[in-house]
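Biologist: I would like to learn how to read a model like this one, feature by feature. Could you give me the general idea each time, and then the case at hand?

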Amino acid sequence: MHSQLGSISALKHIARRQAINVRKLISGLPVQVPSFGSMTLEKDDVALAQEQLAKPETWQDEEAITTYENTFANWNGSKAAFAFMGGRVALSAAIYALDLQPGDEVIIPGYTCVVVPNAFHYAGVDVTYADIELETYGLSAESFASRISPRTKAVLIHHLFGLVCRDYEQILAIARKHQIKVIEDCAHATGARFKGANVGNAGDVAFYSSELSKVFNTIKGGMAVTNDPALEKRLQIFKDEAPLYPAHATEKLLYNVAMNYYRSKHSQRWLMGDLYWLKHHRKEVISTTAAEIDGVKPQHYNSRMPAPVARLGLNQLQKIERFNNLRTKQAKKWDMWCDQNGYTKPLVLPDSQPVWLRYPVLVAPEKKRNTTWLLRELGIQAGVWFVSHLHPKAGHIADCPNCDIAVARCINLATLV
Ligand SMILES: *Cc1c(COP(=O)(O)O)cnc(C)c1O
């Protein structure tokens, strides 16, 4: 009975989606547009996931995880890497590694994903928000300096949309002067470079994400890295104490590789995505549930990565430069589009190589509220990271005027088309 009801509501959902396709066709709008996630999934990733599903006896293999971590660390130019089931979990590992305590304060940009402040809240660490700049959407060094208090133990900087943040060196210098630890949020910037090194190696500890909308994709996943032997030891302790992601959740995740391939990447995804989803929608993995957005720590949050996910990560890592090069080529086209249409291009910091996860542009607020114009003019959808200060949680943060502007006016364009 229950599952029948589920199928009926799934059918209704698909009927609604296909009705939208028909309406688009009639209005002369494109039915299929570049996706914002899972564009790096290819047939071999799908085959790899199917192969893992057929061989659960290989899921306990610790070596697959070590190989993935060591390959990532080597490729990234870091001393050590530790794999978890989310960038947010890798951030929690970083908070543990830095020994941040309840009552300590961290300064973070007031324009980020809600899972970032959540990780600090879970640890009892007080979060102070500082403003961003509007050239790369990174933390403003000036605002950071103005928020420092005797309780400030750490600062979190991010390289949003894959851009190396404008005030990188200045922030590192201020932090060093005040003995404040630096966490780098590289969730959007895996492989971005500055002065010959990958981002994430200049601060004390960094994390990366392989969630399905990020630079590379294991549906869910994250990596913590450091170059400091003492922090490496503590990351190891955190990982040793973290439970392994449960087998039933791993199985679900593996189904999502094919599901996301058919929904986001397949050349006939307008139909194939719905068909695959209809069959397997009960296994769909949700990146952030409503409860987590409200600050509830999810079950299995602290999990370390199981072997099948590490194998997917390793396979995706082989492709990362190829896809980042494609993104960079598309970004050059968006540069031209900006020049021709009077929009300001994002800043590429001298001596930096962004990875262009997305191409951010500031537009008039009404053009962010309703983005049909992009569909009509360019045949693409607009990404709206972030629609609020702590995306996707509603609400406002005081005294961050540039964050207000980004919330009202920043859209982003797909770079894998
Ligand atoms: C996605 C994201 C994270 C968290 O990464 P997950 O792998 O989804 O946990 C952290 N920071 C930013 C800016 C993000 O966009």
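Modeller: We begin with what counts as an element: helices, of at least four residues in H or I, and strands, of at least two in E, are DSSP runs, and they are numbered from the N terminus. Please keep in mind throughout that this is a predicted model.

Biologist: With that in hand, where does proline 392 lie, and which peptide bond leading to proline 392 is cis?

Modeller: As a general rule, most peptide bonds are trans. Here the bond from histidine 391 to proline 392 is cis, with omega near -5 degrees, and proline 392 sits in the loop between strand 13 and helix 16 (401–409). Another cis bond runs from tryptophan 385 to phenylalanine 386, with omega near -15 degrees; phenylalanine 386 belongs to the loop between helix 15 (372–378) and strand 13 (390–391).

Biologist: And phi: what is the value near which phi of serine 38 lies?

Modeller: Most residues other than glycine have a negative phi. Serine 38 has a positive phi, near 60 degrees, in the loop between helix 1 (2–26) and helix 2 (43–54). Histidine 300 also has a positive phi, near 65 degrees, in the loop between helix 11 (290–293) and helix 12 (307–317). Aspartate 99, which follows helix 4, has a positive phi near 60 degrees.

Biologist: Are serine 38 and histidine 300 buried or exposed, wholly or partly?

Modeller: The cut-off for buried is under 20% relative accessible area, and exposed means over 50%. Serine 38 is buried because its relative accessible area is 3%, whereas histidine 300, at 34%, is partly exposed.

Biologist: How should I read the nonpolar interior, and which residues of the largest nonpolar core touch the most other members?

Modeller: In soluble globular proteins, nonpolar side chains tend to be buried together. The largest nonpolar core in this model has 114 residues, and those touching the most other members are Leu91, Tyr111, Phe120, Tyr137, Phe144 and Val155. Helix 9 (residues 247–265) contributes the most to this core, with 8 residues. A separate core of 16 residues includes Trp334, Val363, Ala382 and Ile411. To see how one member of the largest core is packed, take phenylalanine 120: beyond its neighbours within four places in sequence, its contacts are Leu91, Ile95, Leu100, Val106, Ile108, Val125, Val127, Leu156 and Ile183.

Biologist: How many residues of helix 4 are buried?

Modeller: Helix 4 is mostly covered, with 10 of its 11 residues buried; among them are Arg88, Leu91, Ser92 and Ile95. Helix 4 (87–97) also serves the ligand, for helix 4, helix 5 (115–122) and strand 9 (205–209) each supply at least two residues of the shell around the ligand.

Biologist: Then how many residues surround the ligand?

Modeller: A ligand site can be read from its shell, its polar atom pairs and its cover. The shell holds 15 residues, the closest being Arg88, Asp185, His188, Ser209 and Lys214, and by class it divides into 6 nonpolar, 5 polar and 4 charged. Oxygen atoms of the ligand lie 2.7 Å from a polar side-chain atom of histidine 188, 2.6 Å from an N or O atom in the side chain of serine 209, and 3.1 Å from such an atom in lysine 214. The ligand taken alone exposes 380 Å², of which the protein buries 96%.

Biologist: Finally, what does the side chain of aspartate 274 make a polar contact with, and which side chain is joined to glutamate 105?

Modeller: Here one sets the accessibility beside the partners. Aspartate 274, in helix 10 (residues 269–280), counts as buried because its relative accessibility is 1%; its side chain makes a polar contact of 2.7 Å with that of glutamine 18. Leaving aside neighbours within four places in sequence, its contacts are Ile14, Arg17, Gln18 and Arg269. Glutamate 105, in strand 2 (residues 105–109), is likewise buried, at 8%, and its side chain is joined to that of arginine 151 by a polar contact of 2.9 Å. The C-alpha atoms of glutamate 105 and serine 149 are separated by 8.2 Å, although the two are 44 residues apart along the chain.

Definitions and conventions:
Residues numbered from 1 in each chain as written. Predicted model: local features only at pLDDT ≥ 70, side-chain atom pairs only at ≥ 80, totals over all residues. Heavy atoms only, no water. Core = buried A, V, L, I, M, F, W, Y, C linked by side-chain atoms within 4.5 Å. Buried < 20%, exposed > 50% of the residue type's maximum accessible area, 1.4 Å probe, protein only. Contact = heavy atoms within 4.5 Å. Near = heavy atom within 4 Å. Polar contact = N/O pair within 3.5 Å; in protein donor to acceptor, adjacent residues only side chain to side chain. Areas by Shrake-Rupley, 256 points an atom, 1.4 Å probe, with all protein chains shown as cover. Nonpolar A, V, L, I, M, F, W, Y, C, P; charged D, E, K, R; others polar.
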